[in-house]
Amino acid sequence: MIRSQRWKGAAFTVPFQLGFVFLYLIPIGYAVYESLFVEHQSGLGLGGSTQRFSGLDNYQQGLTDSAFMNSVLRVVLFACVQIPVMLLISLLLALFLDALSSKAAGRFRIFLLVPYMIPGVVAAIVWINLYSPDVGPLTPLGKVFGLSWNFFAPSMVWPSIGNLLTWHGIGYNMVIIYAALQGVPRDLFEAARLDGASEFRVATSIKIPYVRGALVLTGMLSIIQMLQIFNEPALFRNVTPQTVNDSFTPIMIIYNQAFNAGNYHYAAALSVLLALILGLASFLFYRLTAKEAD
Amino acid sequence: MTLIEERRNAHQVRRLNKPDPAARSRGGQRFLLVGLVLASAYSLFPVWWLIVAATKNRTSLYQSNGLWFSGMHLWANVRQVFTYENGIFLRWTANSFLYAGVGSLGGTLIALATGYGLARFEFPGRSAVFACVVGSFLIPIALLTLPLYLMFSKIGLVDTPWAMLIPCLINPFSVYLAKVYTEATVPFELLEAARLDGAGELRIFFSIVLRMMTTGGATVFLLAFVNTWNAFFLPLTVLRGEENWTLNIGLYNWSGKRLESGVDLTSLVLTGALLSIVPMAVMMVAMRRYWRTGVTLGALK
């Protein structure tokens, strides 16, 4: 390529590069910088406050902050249950759709994608009202079967949120897995069947290994989202603040530290820590799934 | 990949796209259908319940069977939603459209230019730019939003539409999609031919590339629009006064009123929630051709 043309090519990316610097790199740098300071109240608090450099103190505090570490642990444990369940259902539905005629599959696919069209906040509002003992149909339904479930009880909040996330997520994940399935050469199935493989065997030995990449990708995206979960617990907090307290998830703690406690420096340190945890979790997941392939 | 190869691949995919007549046995088919019907019912019944709930007045919302109609009060509810507190809901709707529409339009243009630059030019730093795009997928939203809030408040942008619009202009996922689409639809040969004819690079981009990228561009725009429409953490952080809120923040606030001040707005929240889905649903159905390719292409590459 001619030299001048190269630079013209680079010029097309300049608006993005500038924006990236101002909206990504500088804010991250700023957050890291702020996280190295603490607010120092002078005297009786009358002279305002001054910033004092404190090195990694905020990070040390974050790593020993039981509320923060508990919230991380809570979300990680939840992810370990909800994400496999959601992906398993999505995979099953994708396999089911793949076995139907394309006309029937198209119809079901639209139904299954309806939840994906609904904004997350609205989805949470709808399910919270379905769970509600006042207006929701699930409480009377439980009574029919002799169950008196309370979806907002401490032991039920995570399953309730998990069901909401699963409902919201299966359609999207199913579409990605289904698209990957469509790319599997059909001759492979025929060959396997001629060799006497059962349909179950075809699914487990050919189809599922073929869509591994899609499963890893959807798993990775789900983990990244889950560690940052905020909307759903925030809306649950509107109806059941005793169970869903303000340090329920890492992002809720960060939000509260920044905007309610006014401790911006500490919030910045926690958000850097969360980024590191996110990177670590993605890395571990990547390694784990890469190893399985060998 | 050359054009011919690509065309051959596309042909192959089309041929492979036939359904797999697995489970040809009747019992197997029935099992599949039952599974899919149950899954569809699970997916649809909350939406059905929401539609039914939006047609009820407060008394029947609390007292009648949630899954069936009881009186028709939809229009009364809709009127109440739009007139509550001097029609603030209408303001939120307009804001949501403004942020999602204008922000995504600008973001899509920038993303298409960047994707084109990355896909069709060699220049120093190209891989660094692409690394930034992919790496940013891992950055937690709080890590960006909190410092942005501080920066915006220093220059007086907090609580103005700009605080929502400016961050929407830079969307790494859009750039990633735009790059993938350019690779798939804009052939090198065509660009060379245009250059030999003496067309300038800008002219090539605006009158040839953008035109070839209408499908890809529409997908990028649609996904960015949905993303902004659904945003929660950013507007919650940077928009303080309710006249600048989005539908999401407004509904969140209404649903918290009961706890805060004992005012039960459940009926209003549910009707408002249904109304806030409508533009999204219309848009997704009208443009389903685009977002289906967007969702899958982004995932498979």
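Q: What percentage of the contacts in chain B with a separation of 6 or more is accounted for by residues 24 or more positions apart?

A: A contact here joins two residues whose C-beta atoms, placed from the backbone, lie within 7 Å. In chain B of this predicted model, residues 24 or more positions apart account for 73% of the contacts with a separation of 6 or more. Residues are numbered from 1 along each chain as its sequence is written, chains are lettered from A, and ligands are numbered from 1, in the order in which they are written. Because the model is predicted, local features need pLDDT of at least 70 and side-chain atom pairs count only at pLDDT 80 or more, whereas totals for chains, interfaces and linings use all residues.

Q: What is the mean pLDDT of chain B, and over which residues does pLDDT stay under 50?

A: The term pLDDT is the predictor's confidence in each residue, on a scale from 0 to 100. For chain B the mean is 84, and 87% of its residues reach 70 or more. Over residues 1–18 of chain B pLDDT stays under 50, and for this stretch the model has 10 contacts beyond four places in sequence. For the complex, the predictor gives an ipTM of 0.87 and a pTM of 0.86.

Q: How many helices and strands does chain B have, and what percentage of its residues is buried?

A: Helices (H or I, at least four residues) and strands (E, at least two) are DSSP runs, numbered from the N terminus. Chain B comes to 16 helices and zero strands. As for burial, a residue is buried if 20 or more other C-beta atoms lie within 10 Å of its own, exposed if 12 or fewer, and partly exposed in between, with C-beta atoms placed from the backbone. Buried residues make up 43% of the 301 residues in chain B.

Q: Which domains are assigned in chain B, and how many residues of each are in contact?

A: Domain bounds come from an automatic or database domain assignment, which for chain B gives domain 1 (22–72) and domain 2 (73–300). Their C-alpha centres lie 31 Å apart, and 11 residues of domain 1 are in contact with nine residues of domain 2. On the side of domain 1 of chain B that touches domain 2, the elements giving two or more residues are helix 2 (26–54) and helix 3 (58–63) of chain B, and helix 2 gives the most, with four residues.

Q: How many residues does each chain give to the contact between chain A and chain B, and how do those of chain A divide by class?

A: The contact takes 83 residues from chain A and 79 residues from chain B. On the side of chain A that touches chain B, the largest share, 11 residues, comes from helix 2 (residues 14–34) of chain A. To read the classes, Ala, Val, Leu, Ile, Met, Phe, Trp, Tyr, Cys and Pro count as nonpolar, Asp, Glu, Lys and Arg as charged, and the others, Gly among them, as polar. The residues of this side of chain A divide into 59 nonpolar, 18 polar and six charged.

Q: Which residues touch the most other members of the largest nonpolar core, and why does this core lie between the domains of chain B?

A: A nonpolar core is a set of buried Ala, Val, Leu, Ile, Met, Phe, Trp, Tyr and Cys residues joined through C-beta atoms within 7 Å. The largest one has 159 residues, and those touching the most other members are A:Leu93, A:Ala94, A:Ile125, A:Ile177, A:Ile254, A:Leu270 and B:Ala273. Its largest share, 13 residues, comes from helix 8 (residues 157–182) of chain A. Domain 1 and domain 2 of chain B both give residues to this core, so it lies between them.

Q: Is B:Leu251 buried or exposed, and which residues does B:Leu251 touch?

A: B:Leu251, found in helix 14 (residues 247–261) of chain B, is buried, with 27 other C-beta atoms within 10 Å. Not counting residues up to four places away in sequence, B:Leu251 touches A:Val121, A:Ile125, B:Val269, B:Gly272, B:Ala273 and B:Ser276, while B:Ala273 touches A:Val122, A:Ile125, A:Val126, B:Leu50 and B:Leu251.

Q: Where is B:Glu85, and is B:Glu85 buried or exposed?

A: B:Glu85 lies in the loop between helix 4 (74–83) and helix 5 (88–120) of chain B, and counts as exposed because it has 10 C-beta neighbours inside 10 Å. The phi of B:Glu85 is near 45°, a positive value in a residue other than glycine.
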